[in-house]
Amino acid sequence: VESAMEFLRICRDHDFHDIVISMKASNAQVMVQAYRLLVKTMRDEFGICYPLHLGVTEAGDGEDGRIKSAVGIGALLEDGIGDTIRVSLTEKPEAEIPVAKKLLKK
């Protein structure tokens with residue numbers, strides 16, 4: 001979170017605001033907590049929240065990867081956090097799209 005905030009401060013100092021933040025992690029719990037903290041920190045410091053790209057990096061394959069992605073991405077979407085998503089499975093890329101579509105339907 002501090003690294004993302006440092007980047008945002010530099011961008012804002014240079015009057016650059018066309019930003020989307022991505023802080024992926026392979027651990028869904030870490031990813032969720034980091035994004036929640038980032039949103040709070042941005043709102044406290046800037047009064048706004050920049051768009052966020054959500055994803056669990058290399059979530060895995062099969063049911064485990066799908067569950068990990070659903071837990072991480074889904075929890076944040078349920079909180080109203082997130083503007084774009086990427087499901088990252090350790091399978092063929094085509095397998096990621098149906099999972100992402102199911103998450104968005106919820």
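**Contact range**

I looked up how far apart in sequence the contacting residues lie, with contact taken as heavy atoms within 4.5 Å. Among contacts between residues at least 6 apart in sequence, 63% join residues at least 24 apart.

I note that this is a predicted model, in which local features need pLDDT of at least 70 and side-chain atom pairs count only at pLDDT 80 or more, while totals for chains, interfaces and linings use all residues. Residues are numbered from 1 along each chain as its sequence is written, and side-chain values use heavy atoms, with hydrogens and water left out.

**Overall build**

I counted secondary structure as DSSP runs numbered from the N terminus: helices are H or I with at least four residues, strands are E with at least two. The chain has 4 helices and 3 strands. In sequence order I read the pattern α-β-α-β-α-β-α. The radius of gyration is 14 Å, close to the 13 Å given by the globule rule for 106 residues, so the chain is as compact as a globular protein of that length. For this I used C-alpha atoms, and the rule is 2.2 Å times the number of residues to the power 0.38. Along its principal axes the C-alpha trace spans about 45 × 25 × 25 Å.

**Surface and charge**

I took accessible areas from the Shrake-Rupley method with a 1.4 Å probe; for residues, only the protein chains shown count as cover. The chain exposes about 6,500 Å², and carbon and sulfur atoms supply 53% of that area. A residue is buried under 20% relative accessible area, exposed over 50%, and partly exposed in between (1.4 Å probe, protein chains only). Of the 106 residues, 38% count as buried.

I then looked at charge, with Lys and Arg as positive and Asp and Glu as negative, leaving out His and the chain ends. Each charge is placed at NZ of Lys, CZ of Arg, CG of Asp or CD of Glu. There are 14 positive and 17 negative side chains, and the centres of the two sets lie 7 Å apart.

**The sheet**

I treated two strands as paired if DSSP finds at least two bridges between them. The 3 strands form an open sheet in the order E1-E2-E3, with parallel pairing. Strand E1 (21-22) and strand E3 (84-85) are the edge strands, each pairing on one side only. I found 2 bridges joining E1 to strand E2 (residues 52-54), and these two run parallel. Ser22 has His53 in E2 as its bridge partner.

**Helix H2: Met31 and Val30**

I placed Met31 in helix H2, which covers residues 28-46. Met31 has a relative accessible area of 0% and is therefore buried. Leaving aside neighbours within four places in sequence, Met31 is in contact with Met23, Ala25, Leu54, Gly55, Val56, Gly72, Ile73 and Leu76. The C-alpha atoms of Met31 and Asp79 are separated by 14 Å, and the two residues are 48 apart along the chain.

Val30 is also in helix H2. Val30 has 47% relative accessibility, so I entered it as partly exposed. Its C-alpha atom is 8.8 Å from that of Gly72, 42 residues away along the chain.

**Loop residues**

I found Asp15 in the loop between helix H1 (2-13) and E1. Its phi is positive, about 55°, although Asp15 is not a glycine. At 60% relative accessibility Asp15 counts as exposed.

Glu58 lies in the loop between E2 and helix H3 (62-78). Here too I noted a positive phi, near 40°, in a residue other than glycine. Glu58 is exposed, with a relative accessible area of 54%.

I found Gly80 in the loop between H3 and E3. Gly80 counts as exposed at 63% relative accessibility. The C-alpha atoms of Gly80 and Leu54 are separated by 12 Å, with their positions 26 residues apart along the chain.

Leu89 sits in the loop between E3 and helix H4 (96-105). At 6% relative accessibility I entered Leu89 as buried. Beyond neighbours within four places in sequence, Leu89 is in contact with Ala59, Gly60, Gly65, Arg66, Ser69, Ala95, Glu96 and Val99. For one of these, Ser69, I also looked up the C-alpha separation from Leu89: 8.4 Å, at 20 residues apart along the chain.
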